[in-house]
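Good morning, and thank you for making time for this presentation. I would ask you to keep the structure in view as I speak.

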Amino acid sequence: QVQLVESGGGLVQPGGSLRLSCAASGIILRLNAMGWYRQAPGKQRELVARITSGDSTNYADSVKGRFTISRDNAKNTGFLQMNSLKPEDTAVYYCYVVGYGSTYWGQGTQVTVSS
């Protein structure tokens, strides 16, 4: 059974930083593609960042230069480091992994950027 458990969201002031974590069980992250989506109220879900099994990364234009996706293979955990946060980054963030012919999702974690 594949399970993804997210943590690290919260309230932060504009310009601040947060690091989201996505701890995986039942699947080996380094062998599969994984990434992060976000969804703000009233908006479509948006792909934020992804990393392939070959460590290639892609980012949404809106977060390039501010967000970094990574993995800790020993801990089987993915991360999204978010710097220089803006109010428009406010959303629920979901991690996902593609494997065994399916896409698996975390439960989501709220990120709120506000003064």
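**The disulfide and its surroundings**

Let me begin with the link between cysteine 22 and cysteine 95, which is right-handed, with 60 degrees about the S-S bond. The two residues lie in distant parts of the chain, 73 residues apart, with cysteine 22 in strand S3 and cysteine 95 in strand S9. Please bear in mind that this is a predicted model. In this model the sulfur atoms of cysteine 22 and cysteine 95 are 2.1 Å apart, and the structure holds one disulfide.

Are these two cysteines buried or exposed? Cysteine 22 counts as buried because its relative accessibility is 1%. Cysteine 95 is also buried, because its relative accessibility is 0%.

From cysteine 22 we may pass to threonine 77, which touches Cys22 along with Ser21, Ala23, Leu29, Ser70, Arg71 and Asp72, leaving out residues up to four places away in sequence. Threonine 77 belongs to strand S8, residues 77-82. Its relative accessibility is 10%, and therefore threonine 77 counts as buried. Which backbone oxygen does the side chain of threonine 77 reach? That oxygen belongs to lysine 75, at 2.9 Å. Threonine 90 follows threonine 77 by 13 residues along the chain, and their C-alpha atoms are separated by 23 Å.

I turn next to the nonpolar core. In soluble globular proteins, nonpolar side chains tend to be buried together. Here the largest nonpolar core has 28 residues, and those touching the most other members are Trp36, Val48, Phe67, Leu80, Met82 and Tyr93. Strands S3, S4, S5, S7, S8, S9 and S11 each give two or more residues to this core. Phenylalanine 67 deserves a second look: beyond its neighbours within four places in sequence, its contacts include Val48, Leu80, Met82 and Tyr93, and also Arg38 and Asp89.

Finally, let us consider strand S11, residues 109-113. What lies on its covered face? Thr109, Val111 and Val113 are found there, whereas Gln110 and Thr112 make up the uncovered face. Strand S2, residues 10-12, runs parallel to S11 and is joined to it by three bridges; within this pairing, valine 12 has valine 113 as its bridge partner. Strand S9, residues 91-99, is likewise joined to S11 by three bridges, but these two strands run antiparallel. There, valine 92 is partnered with glutamine 110.

This returns us to strand S9, where cysteine 95 of the disulfide is located. Thank you for your attention.

Technical notes. Residues numbered from 1 in each chain as written. Predicted model: local features only at pLDDT ≥ 70, side-chain atom pairs only at ≥ 80, totals over all residues. Heavy atoms only, no water. Buried < 20%, exposed > 50% of the residue type's maximum accessible area, 1.4 Å probe, protein only. Helix = DSSP H or I, 4+ residues; strand = E, 2+ residues; numbered from the N terminus. Pairing = 2+ DSSP bridges. Contact = heavy atoms within 4.5 Å. Polar contact = N/O pair within 3.5 Å; in protein donor to acceptor, adjacent residues only side chain to side chain. Core = buried A, V, L, I, M, F, W, Y, C linked by side-chain atoms within 4.5 Å. Disulfide = S-S within 2.5 Å.
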